[in-house]
Amino acid sequence: MDKTLYDLMDWAGIEEIVYSEAANPERLLGPHVTEQGLLIQCFIPTAVSVTVKVKTGGKKYPMEQQDEAGFYAVLVPRKSLTDYTLLVTYDTGMTEELHDPYAFATLYHEAELKRFEAGIDYEIYRKMGAHPMKINGVDGVYFSVWAPCAMRVSVVGDFNLWDGRRHQMRRLGDSGVFDLFIPGLEKGLVYKYEIKNQKGEPMLKADPYGNFSELRPNTASVVWDLGGFPWNDEAWMTERAKTDSKTKPMSIYELHLGSWMRKAQELDENGAEIVGSEFCNYREIAPKLAAYVKDLGYTHIELMPVMEHPLDASWGYQVTGYYAPTSRYGTPDDFMYFMNYMHEQAIGVILDWVPAHFPRDAYGLACFDGTCVYEHKDPRQGAHPHWGTLIYNYGRPQVTNFLIANALFWAKEYHADGIRMDAVASMLYLDYGKNDGEWVANIYGGHENLEAVEFLKHLNSVFKKQAKGAVLIAEESTAWPQITGDVKEGGLGFDYKWNMGWMNDFTGYMQYDPYFRCHHYGELTFSMLYTYSENFVLVFSHDEVVHGKSSMLCKMPGDSYEVKAENLRAAYGFMYAHPGKKLLFMGQEFAQISEWNENEELPWDILQYPLHKTMQDYVKALNALYRTQPALYEKDFQPEGFEWINCTSGSDNILAFLRKTDKPEETLLFVCNFAPIAHKGYKVGVPFYGKYKEVFNSDDAAFGGSGRWGTRTKNSKQEACDERENCLVLDVPPMAMVAFSCTPMPAPEKKVVEKKTAAKPVAKKKSAAKPAAEKKAAAKPATKKPTRGTK
């Protein structure tokens, strides 16, 4: 061995690399200019010879083996860096020419690492993860991961025999970030990170920032290039950016992609089930779903989580791949096609997102580098005892950066029109779902999670600035104030909040037998006491039709499906008339009888029966009414947009109210009857004298109703009713919602009876005294004949 070369060897460092415990392998590996020349070192296990080939001139320099494990070195006689390749011969006899990964510098700037450390690098996903790219004319993949307490991190995959010794990554200062550019790799490659913890134990982890994953049950990440899809939804995105969704109709169809439509499981030549063959591709689903949603008149769809998750039964709410659309339905490009197609059809897409917790799967985020990186170490802070999942450490900037960047990632890279945030209540309260002794109070002794509150404010304020027109919706089930309040005024900053209170109260009211509803009338009207405290979305979501809760149809009372359907039509009618945006879960639009099952396709075949087809037609008509009547959405969140007419007829189970805009002629009058009793000649107060035309009736025969009751067009009467000067006399159908358009008209002048001026009395002669009987009759007071009301 050359003595000069021998003296340049760092034998302790070489041992560290050979035993794959190097956090900074670039300190030895790769090219280094020394006083003696250009020192090039490499570590390639199973190599029997390695030669350096200088690009300029093509001169070759055989490397000397310094360690039999595969460590080689050579001293090239020059005093500057140069491009080169390695000519490798393996013990199998195979030869390969490759670029040295350690000849490429990091792509991070110090400022980026500082921003990430502070939790404000909102596009960190452009560096973290795996990114195909070209550096100095060489194609390859750039890898980067955050593992602050790891002894060593390597990229492993089929390309290097899953050998953690071969591509050990470099640690960037004290940032905890590791990176490495590996030449020759390309899109579609399967990989993981092998992380050796401080105990020297290796662990295989999927990439937290990976853009694609293997189909379950496999768990590796897959290299993907997100820059190749040809988007053409510019018109939609431009219009969205300048639109205030609060003054526009928003009718949301919530669905689960894996069970909205499904295929029969395919078998291979051995008769075994082909994994994943039951799922349809994003590209297959898009045109069918868009056509269906457009036909029914919805404005948006909401997808239950499409982020990668291991367990079908979790419905996507236990995420392991936050930056990867699930491979169950195709590739990232396929999902981009799905999003683009929806926008071409003028359908907005809201994505469910889960920043509240994550599963314990060994290949995921849990104990990522051998320590609690993303979660709290103390299980009282870091675990949900009932869900079996882990809670994010919102006080760690790099963790909140991961989550905030992820929300922006879906809005920017996949053009999502909104994010619906799951389980916000579990984030806000430290004692959520926990007993005494199972949680730790905040610094003030309270149960509010102050770090989560700051995270939500931070996220919402940044999201509004960078994702113009996209909305953030909170699923929050408590009375925490100002969920949709402005961050500058102490609010959390969400655009909308699911109205779980209304859903629970109203569903409870509708489940009573109509005979007993009069005793629960307050549950019907209570929501209007707080409706304007937040910007609410009224929801009948997936959570209401699972785990023994029954489908929406079967929640309704009645001894037949026809009676249940009457109740359900009245319920849906009231929902669409009530202030707030709307959401209905798939299958409930055609009165599905069974509960939702994620392992089965929706029972589309029941649409052959009139009860289900007419319910579908009914929801379609409700959406048409909603979209075409500005009174139903323009002032959803302003008290001026709603006015009670009658909210005291508990004994009759009847409500009457107005929905309004600034234009009186756009006013709508609603009369809702939640009893199976019709009312003929029923008086309802109206806001002004005018023409009142029935524009919707849930009892219409076209919807499965009786079709026997209805009031087409009537003029109001100048009779006082419901503390108003004018009223409408109408026939109210049983168990129905009826809507009237209101057209103001000049009120006719009331007839005034003129009083005749009394003539000047003429003096008369005194008459003779009246007979006694006449005097008696004159003295008796006149008795007014009593009047009787009309029967």
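# Sheets, buried strands, rings and cavities

Modeller: Four strands form an open sheet in the order E9-E10-E13-E12, with antiparallel pairing. Its edge strands, E9 and strand E12 (170-171), each pair on one side only. This is a predicted model, in which local features need pLDDT of at least 70, side-chain atom pairs count only at pLDDT 80 or more, and totals for chains, interfaces and linings use all residues. Residues are numbered from 1 along each chain as its sequence is written, and side-chain values use heavy atoms, with hydrogens and water left out.

Colleague: What makes E9 and E10 a pair?

Modeller: Strands are DSSP runs of at least two residues, and helices (H or I) of at least four, numbered from the N terminus. Two strands pair if DSSP finds at least two bridges between them. Between E9 and strand E10 (residues 138-146) there are seven bridges, so the criterion is met. The two strands run antiparallel, and His131 has Tyr142 in E10 as its bridge partner.

Colleague: Why is strand E28 called mostly covered?

Modeller: Buried means under 20% relative accessible area, exposed over 50%, and partly exposed in between, with a 1.4 Å probe and protein chains only. In strand E28 (residues 536-540), five of the five residues are buried. Phe536, Leu538 and Phe540 are buried on one side, Val537 and Val539 on the other, which leaves both faces covered.

Colleague: Which strands does E28 pair with?

Modeller: Strand E27 (residues 496-498) joins E28 in parallel through two bridges; Lys497 stands opposite Phe536 there. Strand E29 (residues 581-585) also pairs with E28 in the parallel sense, over four bridges, with Leu538 opposite Lys582 in E29.

Colleague: Why does Val153 count as buried?

Modeller: Val153 has 0% relative accessibility, so it counts as buried. Its place is in strand E11 (residues 152-157).

Colleague: What makes Tyr125 and Phe409 an edge-to-face pair?

Modeller: Rings of Phe, Tyr and Trp (its six-membered ring) pair if their centres lie within 6.5 Å, with planes under 30 degrees apart called stacked, over 60 edge-to-face and the rest tilted. The structure holds 64 aromatic pairs. For Tyr125 and Phe409 the centres are 5.2 Å apart and the planes are at 75 degrees, so the pair is edge-to-face. It links distant parts of the chain: Tyr125 is in the loop between helix H3 (110-118) and strand E9 (129-135), Phe409 is in helix H9 (residues 397-413), and 284 residues separate them. Both Tyr125 and Phe409 are buried.

Colleague: Why is the pair of Tyr515 and Phe516 called edge-to-face?

Modeller: The centres of Tyr515 and Phe516 are 5.2 Å apart and the planes at 85 degrees, so this pair is edge-to-face. Tyr515 counts as exposed because its relative accessibility is 65%, whereas Phe516, at 45%, is partly exposed.

Colleague: How do you know that the charged end of Arg517 sits over the ring of Tyr509?

Modeller: The rule asks for NZ of Lys or CZ of Arg within 6 Å of the ring centre and within 35 degrees of the ring normal. The charged end of Arg517 is 5.7 Å from the centre of the Tyr509 ring and sits over that ring. Arg420 lies over the face of Trp498, at 4.1 Å from the ring centre.

Colleague: What is unusual at Arg216 and at Glu723?

Modeller: Most residues other than glycine have a negative phi, and most peptide bonds are trans. Arg216 and Pro217 are joined by a cis peptide bond, with omega about 15 degrees. Pro217 is in the loop between strand E15 (202-205) and strand E16 (221-222). Glu723 has a positive phi, near 60 degrees, and is exposed, with a relative accessible area of 84%. Glu723 lies in the loop between strand E35 (713-715) and strand E36 (726-732).

Colleague: How many cavities are there, and what lines the largest?

Modeller: On a 1 Å grid over the protein atoms alone, a cavity is a set of points where a 1.4 Å probe fits but cannot get out, and lining residues have an atom within 4 Å of a point. Points are joined across faces, edges and corners, and a volume is the space filled by probe spheres set on them. Four cavities of 30 Å³ or more are found. The largest holds about 130 Å³ and is lined by 17 residues, with Ser213, Thr219, Glu308, Thr320 and Tyr363 nearest its centre.

How values were computed
1 Å grid on protein atoms, 1.4 Å probe; cavity = no way out; pocket = protein on both sides within 12 Å on 5 of 7 lines; lining within 4 Å.
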